[in-house]
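I opened a new notebook page for this one. My plan is to start with the sheet and then chase a few single residues.

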Amino acid sequence: MHDLILVAGVDEVGRGPLAGPVVAAAVILDPNNPINGLADSKKLTEKRREILNLEIREKALCWALGRAEVDEIDQLNILHASMLAMKRAVESLSMLPHHALVDGNRCPSLSCSSEAIVGGDATVPAISAASILAKVARDREMLELDSVYPGYGLAKHKGYPTKVHIEALQAIGVSPIHRRSFGPVKRLLDV
């Protein structure tokens, strides 16, 4: 076991939505306990993600979630908030990875070596696992936020800028979980 090079897969979800946090996950898979069917979370059905989410949590050597809140997104910008969420996820792992594989074209500053892999959520199992954990966690949170802030349709679109969401923003106004620095929200506040 001590010879094992611990590699964490890291990914985030929620860069595009107008509402809610950005959520990241870091996962160190167990090479002796493989998980079948890992893929980019966006390519999987919700039911399949839920099943894999449980399997990843059970079989991975360790996993952790990290997040950046709406006020952090507005202060830092979405790119830096995403990096912060990914850094928090990696730093929350119960085992320190030797290396991190990060989905996308840049890496957060980590205490281990790291490399960015564009499209990694589709090609690297540990990143796929991270994308699934992050997406399931964020989707569940948006379902809960839908009951706290009804009328926006958060349970359906998860905060993404759909026609329904934009129309609801215009009708109801901006909630505390909306990202004030994002164009469609900012335009309503500037009126």
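**Sheet.** Before counting anything, I need a rule: I call two strands paired if DSSP finds at least two bridges between them. I also keep in mind that this is a predicted model. With that rule, I find five strands in an open sheet, ordered S3-S2-S1-S4-S5, with mixed pairing. I then looked for the edges, and they are S3 (62-68) and S5 (113-117), each pairing on one side only. From one strand to the next, I get an average twist of 20 degrees.

**Antiparallel part.** I checked S2 (residues 22-28) against S3: they run antiparallel and are joined by seven bridges. To have one pair to look at, I picked Val 23, which stands opposite Arg 67 in S3.

**What lies on the sheet?** I asked which strands helix H5 touches. Helix H5 (residues 125-148) packs on the sheet and touches S1 (7-13), S2, S3, S4 (99-103) and S5. I noted the angle too: the direction of H5 makes about 35 degrees with that of S1.

**Parallel part.** Next I moved to S4. S1 and S4 run parallel, with four bridges between them. Here Val 10 is the residue opposite Val 102 in S4. On to S5: S4 and S5 also run parallel, and I count five bridges joining them. One pair I marked is Ala 100 with its bridge partner in S5, Ser 114. A reminder to myself: strands of a sheet pair through backbone hydrogen bonds, either parallel or antiparallel.

**Is S4 buried or exposed?** Five of the five residues of S4 are buried, so I write down S4 as largely enclosed by the rest of the structure. I split the strand by face to see how. His 99, Leu 101 and Asp 103 sit on one side, Ala 100 and Val 102 on the other, and all are buried, which leaves both faces of S4 covered.

**Arg 106.** Then I followed the chain into the loop between S4 and S5, where Arg 106 lies. Its relative accessible area is 41%, so I call Arg 106 partly exposed. What does Arg 106 touch, not counting residues up to four places away in sequence? I find Leu 79, Met 83 and Ala 116. I also took one distance: Arg 106 and Val 118 are 12 residues apart along the chain, and their C-alpha atoms are separated by 8.8 Å.

**Positive phi values.** I went looking for odd backbone angles, because most residues other than glycine have a negative phi. Asn 77 turned up with a positive phi near 100 degrees. Asn 77 is in the loop between H2 (70-76) and H3 (78-91). With 35% relative accessibility, Asn 77 counts as partly exposed.

Lys 158 is another entry on this list, with a positive phi of about 60 degrees although it is not a glycine. I place Lys 158 in the loop between H6 (154-157) and H7 (163-172). Buried or exposed? For Lys 158 the relative accessible area is 13%, and the cut-off for buried is under 20%, so Lys 158 is buried.

**Asp 139.** Lys 158 led me back to helix H5, where Asp 139 is found. Leaving aside neighbours within four places in sequence, Asp 139 is in contact with Arg 49 and Lys 158. Asp 139 is buried as well, at a relative accessible area of 9%.

**Whole protein.** Time to step back. I tallied eight helices and five strands. Along the sequence, the pattern reads β-β-α-β-α-α-β-β-α-α-α-α-α. For the overall shape, a compact globule of 191 residues would have a radius of gyration near 16 Å; the protein has 17 Å, so I note that the two agree. I also boxed the C-alpha atoms along the principal axes and got roughly 60 × 35 × 25 Å.

Buried residues make up 49% of the 191. Among contacts with a separation of 6 or more, 61% are between residues 24 or more positions apart. The protein exposes about 9,300 Å², with carbon and sulfur atoms supplying 56% of that area.

**Record check.** Last, I looked up the annotation. An unreviewed UniProt entry lists "domain: RNase H type-2" over residues 5-191. Over residues 5-191 I get 45% helix and 17% strand, and the end C-alpha atoms are 54 Å apart.

Notes
Residues are numbered from 1 along each chain as its sequence is written. This is a predicted model: local features need pLDDT of at least 70, side-chain atom pairs count only at pLDDT 80 or more; totals for chains, interfaces and linings use all residues. Side-chain values use heavy atoms; hydrogens and water are left out. Helices (H or I, at least four residues) and strands (E, at least two) are DSSP runs, numbered from the N terminus. Axes are lines fitted to C-alpha atoms, for helices over the stretch in contact, and angles run from 0 to 180 degrees between N-to-C directions. Contact means heavy atoms within 4.5 Å. Buried means under 20% relative accessible area, exposed over 50%, partly exposed in between (1.4 Å probe, protein chains only). UniProt positions are given in the numbering used here, feature names are shortened, and annotations may be inferred rather than shown by experiment. The radius of gyration is taken over C-alpha atoms; the globule rule is 2.2 Å times the number of residues to the power 0.38. Accessible areas come from the Shrake-Rupley method with a 1.4 Å probe; for residues, only the protein chains shown count as cover.
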